[in-house]
Amino acid sequence: MMNLQEQIINGKGYAILPIENLNNFNKLRDQFIEKMQSLTNEKRLEKMRLVIANMTKSQINELMISLLAFDQASEILIDSCKNIVKSLSGDKIFLQRRATTIFNIPGDNQRRQWPHYELMSGVSPFTFVLWAPFHDLDDKGGIFYIDLNNSYEMIKEEHKSGIVNGPIILNKDYNEKPAKLKYGEVIVFCPFVLHGNVNFKSDQARIACSARFQSIKKPLLQKNSDFFKFHQI
Ligand SMILES: [Fe+2]
């Protein structure tokens with residue numbers, strides 16, 4: 001796991017790893033499925049993904065808002081990956097209070113998730129992200145990740161023009177291949193790694209969840225206790 005820290009902080013900036021406690025993660029997925037039943041009128045994840053693929057933006061917003069009440073989700077996700085988290089941030093962490101649920105909708109006319117790095121949202125440079133899908137990513141879609149060196153080059157180029165999150169990063173055509181995660185895998189990455197969604201063709205929406213964390217020994221900077229809570233691994 002020392003290698004992991006090296007890879008995330010000084011190497012590629014991200015790693016795809018098996019979830020350590022899959023039983024725990026299965027429970028997390030099952031709880032999400034249970035909570036999505038009433039708004040999708042379906043009981044099985046595969047069917048829900050078909051329904052969600054055809055939802056309007058406001059229906060998806062409604063679904064996401066309903067999931068905000070599930071405030072144990074980030075703890076369950078982090079506790080499914082204890083060694084990964086510990087090797088990066090120790091066992092006392094600031095953990096994102098509410099896990100982020102990600103719904104990616106297929107089709108060309110869907111707004112892309114613009115390329116960005118997590119630092120843009122005001123998390124500290126010491127924050128890491130865990131991102132795990134609730135099913136195999138088996139279509140052509142996915143999230144692409146740009147390795148750390150190339151991400152830094154882009155950030156520096158943008159910085160020269162005095163802009164943050166401007167057209168240089170947002171409009172560039174990235175030819176990166178999306179990461180093909182299987183159910184039971186997690187991607188962990190540092191806040192400087194550029195990433196974004198690509199348009200994809202499928203009948204089904206993609207559903208994933210993510211959580212951010214950092215060591216309590218590191219400064220929080222812009223984010224505060226509205227966003228993070230203390231968590232002991
Ligand atoms: Fe992101």
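These are my notebook entries on a predicted model of one protein chain.

**Confidence**

I started with how far to trust the model. The protein chain averages a pLDDT of 91, and 97% of the residues score at least 70. I then looked up the extremes among the elements: strand β2 (residues 92-96) has the highest mean pLDDT, 98, and helix α8 (residues 167-171) the lowest, 79. A reminder to myself: where pLDDT is low, the predicted coordinates should not be read in detail.

**Overall build**

I counted secondary structure next and got 8 helices and 9 strands for the protein chain. Its radius of gyration is 17 Å, close to the 17 Å from the globule rule for 233 residues, so the chain is as compact as a globular protein of that length. Along the principal axes, the C-alpha atoms fill a box of roughly 50 × 40 × 30 Å. I find 33% of the 233 residues counted as buried. For contacts with a separation of 6 or more, 88% are between residues 24 or more positions apart.

**Strand β8 and its partners**

Which strands pair with β8? I looked up three of them, β2, β3 and β4.

- β2 runs antiparallel to β8, with 3 bridges between them; F94 is bridged to Q214 of β8.
- Strand β3 (residues 100-104) is also antiparallel to β8, over 5 bridges; here I102 has A208 as its bridge partner.
- Strand β4 (residues 128-133) pairs with β8 in the antiparallel sense too, over 6 bridges; F128 is matched with F213.

Then I checked burial. Of the 10 residues of β8 (residues 206-215), 9 are buried, so the strand is largely enclosed by the rest of the structure.

**The nonpolar core**

I went looking for the largest nonpolar core and found one of 52 residues. L77, L130, A132, V188, F189 and V193 have the most contacts inside it. This fits what I'd expect in general: in soluble globular proteins, nonpolar side chains tend to be buried together.

What does L77 touch? Not counting residues up to four places away in sequence, L77 touches L28, A99, L130, A132, C209 and A211. Of these, L28 is one of the buried residues of α2.

F189 was my second core residue, and its place is in strand β6 (residues 185-189). F189 counts as buried because there are 26 C-beta neighbours inside 10 Å, the cut-off being 20 or more. Leaving aside neighbours within four places in sequence, F189 is in contact with I8, G13, Y14, F128, V129 and Y145. I also noted E118, which is 71 residues from F189 in sequence but 9.4 Å away in space, C-alpha to C-alpha.

**Helices α2 and α7**

Helix α2 (residues 22-40) has 19 residues. From first C-alpha to last, α2 reaches 25 Å, close to the 27 Å expected at 1.5 Å a residue. Which residues of α2 are buried? I list F25, L28, F32 and M36. An α-helix has 3.6 residues a turn, so residues three or four places apart point the same way. The cover over the buried residues of α2 includes α3 (45-53), α4 (57-67), α5 (73-79) and β4.

I did the length check on helix α7 (residues 148-160) as well. Its 13 residues should span 18 Å at 1.5 Å a residue, and the end C-alpha atoms are 18 Å apart, which agrees. G162 follows α7 and has a positive phi, near 75°.

**Loops and positive phi**

N41 comes just after α2, in the loop between α2 and α3. Phi of N41 is near 55°, a positive value in a residue other than glycine. Is N41 buried or exposed? N41 counts as exposed, because there are 10 C-beta neighbours inside 10 Å.

L221 is another non-glycine residue with positive phi, near 60°. I place L221 in the loop between β8 and β9 (228-232). L221 has 14 other C-beta atoms within 10 Å, so I logged it as partly exposed.

Last, I looked at R98, in the loop between β2 and β3. R98 counts as partly exposed, with 16 C-beta neighbours inside 10 Å. Leaving aside neighbours within four places in sequence, R98 is in contact with L68, D71 and S74. R212 is 114 residues from R98 in sequence and 9.3 Å away in space, C-alpha to C-alpha.

Notes
Residues numbered from 1 in each chain as written. Predicted model: local features only at pLDDT ≥ 70, side-chain atom pairs only at ≥ 80, totals over all residues. pLDDT = per-residue confidence, 0-100. Helix = DSSP H or I, 4+ residues; strand = E, 2+ residues; numbered from the N terminus. Expected span 1.5 Å × (residues − 1). Buried ≥ 20, exposed ≤ 12 C-beta atoms within 10 Å, placed from the backbone. Pairing = 2+ DSSP bridges. Core = buried A, V, L, I, M, F, W, Y, C linked by C-beta atoms within 7 Å. Contact = placed C-beta atoms within 7 Å. Rg over C-alpha atoms; globule rule 2.2 N^0.38 Å.
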